[in-house]
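Trainee: Please take me through the entry shown below, one question at a time.

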Amino acid sequence: MTEHQHAQAPNNTARRSQAWFGASGRSGMVYRSWMRNQGFGPDVFDGRPVIGIATSASELAPCNAHLTRVAEAVKRGVWQAGGFPLAFPTMATGETLMRPTAMLYRNLMAMEVEELIRANPLDGVVLLSGCDKTTPAMLMGAASVDLPAVMVTGGPMLNGKYRGQDVGSGTHVWKFEEDLKTGRMTQEECFFAEGCMARSNGHCMTMGTASTMACVAEALGMQLPGSATWPAVDARRMETAQSAGRRVVELVHEDLRPSRILTREAFENAIRVNAAIGGSTNAVLHLTALAGRVGVDLAPEDFDSLARAVPTLLNLMPSGAYLMEDFCYAGGLPALVNELVRGGLLHGEQITVTGRGIAENVADAERIGTDVITGLDKPFQAAGSGTAVLRGNLCPDGAVIKQSAASPRLLTHRGPARVFDSPEAYHEVADDPDLDVDENTVLVIRNAGPRGYPGMPEVSNVPLPAKLLKAGVTDMVRVCDGRMSGTGYGTVVLHVTPEAAVGGPLALVRDGDPVVLDVPNRTLRLDIEDADAELERRRAAWTPPPRPHTSGYAWLYTEHVEQADRGADFGFLRGCRGHEVPRDSH
Ligand code: FES
Ligand code: MG
């Protein structure tokens with residue numbers, strides 16, 4: 001058989017990629033010939049699994065900038081296992097640079113990932129992500145195609161080090177900002193500290209959203225065990241990437257798809273792991289959106305009720321003292337998961353990308369020391385200190401608060417509202433020494449929801465008014481329809497739903513209205529006289545703010561984005577559309 005005949009005589013016509021590379025005639029010639037301009041010999045078209053490596057590397061997304069190197073390690077693994085690796089770029093939603101917020105583009109990235117996987121001759125895919133939104137976007141896109149998939153997150157940065165102190169990305173931005181405002185730090189010191197905070201490749205090394213979603217992806221069973229916690233620059237990051245490359249080829253042979261992994265039980269595991277790591281509130285949105293892709297019904301309350309029995313075992317910033325590098329050396333996520341398994345808190349049989357149950361994956365994982373990963377017998381924070389879901393006349397469709405990041409004394413609070421129609425309106429006056437607020441005031445920041453901003457930015461934990469900071473006040477209640485960075489802290493009620501821009505009750509609050517926050521009883525309400533009737537009256541007089549966009553992607557977004565209780569996905573992207581492509585391109 002000549003090489004050319006070999007290429008036209010596939011040995012596995014059932015393989016999806018063979019609809020391209022095994023095709024006869026003109027189409028097959030087109031599919032193969034152009035690929036050969038990259039130096040691939042005809043043997044790669046013989047029916048072996050073709051593995052896409054979706055790479056969100058970008059210099060505009062610093063947390064993902066090194067993923068091209070990670071892709072090389074994945075490729076090695078794919079070749080080793082007899083697959084044919086093809087890396088392709090996806091967009092990268094970098095948290096730090098993108099305006100108005102990277103969240104505006106999560107759904108766009110998910111859509112791109114989905115379409116690229118489906119449109120190309122792939123049998124399986126490895127998903128390379130890092131920064132906050134890139135992990136959920138990859139998972140959402142891949143879930144909607146449902147070809148065998150393994151995620152490899154890029155790993156956290158090394159611990160920040162400033163003057164002998166560990167500094168956490170994100171978390172210390174808020175601290176340095178306060179230190180600057182109060183004169184504890186000079187501008188020069190602050191510039192120097194910036195460089196100390198982000199000193200290696202990788203994503204934020206606090207338990208912010210990126211670390212949270214990396215752990216959540218592993219808890220869902222979509223990453224290899226240990227993959228979430230190796231630092232980006234640790235040689236074992238490349239080792240795990242190579243293993244993922246090998247494993248995805250086997251997944252194709254086994255036909256083990258995300259739909260078998262992403263079950264209700266997997267989401268319950270992820271929610272519990274998120275509680276045990278003191279994870280970001282953003283996981284609520286991303287997991288809800290992902291669940292929508294695979295037909296698992298997650299209600300906001302699931303995050304609360306499932307997490308209530310789970311203590312926080314991880315002593316990481318922003319809630320604790322350590323950073324991801326320490327977590328890794330203390331045994332990483334497998335050690336923590338094993339502790340939860342031993343406590344009977346997880347569905348241990350739930351299948352993962354290893355082909356085995358999550359409990360079996362981590363059976364040998366041990367905690368090293370007890371400071372970073374604590375045991376269930378002596379947890380870092382007692383059960384029930386995680387994300388609470390609130391309801392009430394101010395948030396009929398829910399709101400969340402991260403209790404571990406809040407001040408315990410403020411979890412039950414009553415105070416007068418001081419309302420700002422946008423985060424900018426607040427920032428304009430935040431430093432005013434005569435601002436009419438005191439430590440009991442409830443700062444209400446609105447029009448920062450999915451449609452209102454648009455994109456639901458991380459603006460909810462506005463810094464305290466300078467006047468109060470100077471007086472030594474360290475926290476106050478803030479209520480907002482936006483999100484909070486996973487690295488943020490404070491008594492901040494987030495994701496108030498429905499948002500103000502669609503006429504949620506948040507739009508109807510007035511200065512001076514008494515706001516009651518009662519986290520133990522899971523309520524957030526306006527304590528005004530005859531509240532229902534009064535809110536109705538106010539609603540009748542309310543006019544929606546003008547739509548900020550009349551064309552372009554931002555318009556599409558505001559047309560189709562759902563509220564936070566549905567994960568802020570586009571309505572038309574819910575569900576799995578599979579991998580079939582009915583028509584040829586030539
Ligand atoms: Fe990218 Fe924090 S900014 S992970
Ligand atoms: Mg973040």
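**Domains, fold and sheets**

Trainee: How far apart do the end C-alpha atoms of residues 48–361 lie?

Mentor: The span is 48% helix and 9% strand, where helices (H or I, at least four residues) and strands (E, at least two) are DSSP runs numbered from the N terminus. This is a predicted model, in which local features need pLDDT of at least 70, side-chain atom pairs count only at pLDDT 80 or more, and totals for chains, interfaces and linings use all residues. Residues are numbered from 1 along each chain as its sequence is written, while chains are lettered from A and ligands numbered from 1 in the order in which they are written. For residues 48–361, the distance between the end C-alpha atoms is 28 Å.

Trainee: Which residues does UniProt list for the domain "Dihydroxy-acid/6-phosphogluconate dehydratase C-terminal"?

Mentor: The unreviewed UniProt entry annotates a "Dihydroxy-acid/6-phosphogluconate dehydratase N-terminal" domain over residues 48–361; UniProt positions are in the numbering used here, feature names are shortened, and annotations may be inferred rather than shown by experiment. For the C-terminal domain, the entry lists residues 371–568.

Trainee: Why is the protein chain described as being as compact as a globular protein of its length?

Mentor: The protein chain has 21 helices and 14 strands. Its radius of gyration is 24 Å, so it can be set against the globule rule for 586 residues; the radius is taken over C-alpha atoms, and the rule is 2.2 Å times the number of residues to the power 0.38. The chain is as compact as a globular protein of that length because its radius is close to the value the rule gives, 25 Å.

Trainee: Is Thr206 buried or exposed?

Mentor: Thr206 lies in the loop between helix H8 (187–197) and helix H9 (209–219). Its contacts (C-beta atoms, placed from the backbone, within 7 Å) beyond four places in sequence include Gly168, Leu323 and Thr487. A residue is buried if 20 or more other C-beta atoms lie within 10 Å of its own, exposed if 12 or fewer, and partly exposed in between, with C-beta atoms placed from the backbone. Because 32 other C-beta atoms lie within 10 Å of Thr206, the residue is buried.

Trainee: What separates the C-alpha atoms of Thr206 and Leu323?

Mentor: The two residues are 117 residues apart along the chain. In space, their C-alpha atoms are separated by 5.3 Å.

Trainee: Which strands stand at the edges of the sheet S2-S1-S3-S4?

Mentor: This open sheet of 4 strands has parallel pairing, where two strands pair if DSSP finds at least two bridges between them. Each edge strand has a single partner, so one side of each is left without a neighbour in the sheet. The edge strands are S2 (84–89) and S4 (149–153).

Trainee: At about what angle to S1 does helix H4 run?

Mentor: Helix H4 (residues 67–80) lies across S1, S2, strand S3 (124–129) and S4. Axes are lines fitted to C-alpha atoms, for helices over the stretch in contact, and angles run from 0 to 180 degrees between N-to-C directions. The angle of H4 to S1 is about 170 degrees.

Trainee: What is the bridge partner of Thr387 in S8?

Mentor: The open sheet S7-S8-S12-S11-S10-S9-S13-S14 has mixed pairing, with strand S7 (387–390) and strand S14 (523–526) at its edges. S7 is joined by 4 bridges to the antiparallel strand S8 (residues 399–402). There, Thr387 has as its bridge partner Lys402.

Conventions:
Contact = placed C-beta atoms within 7 Å.
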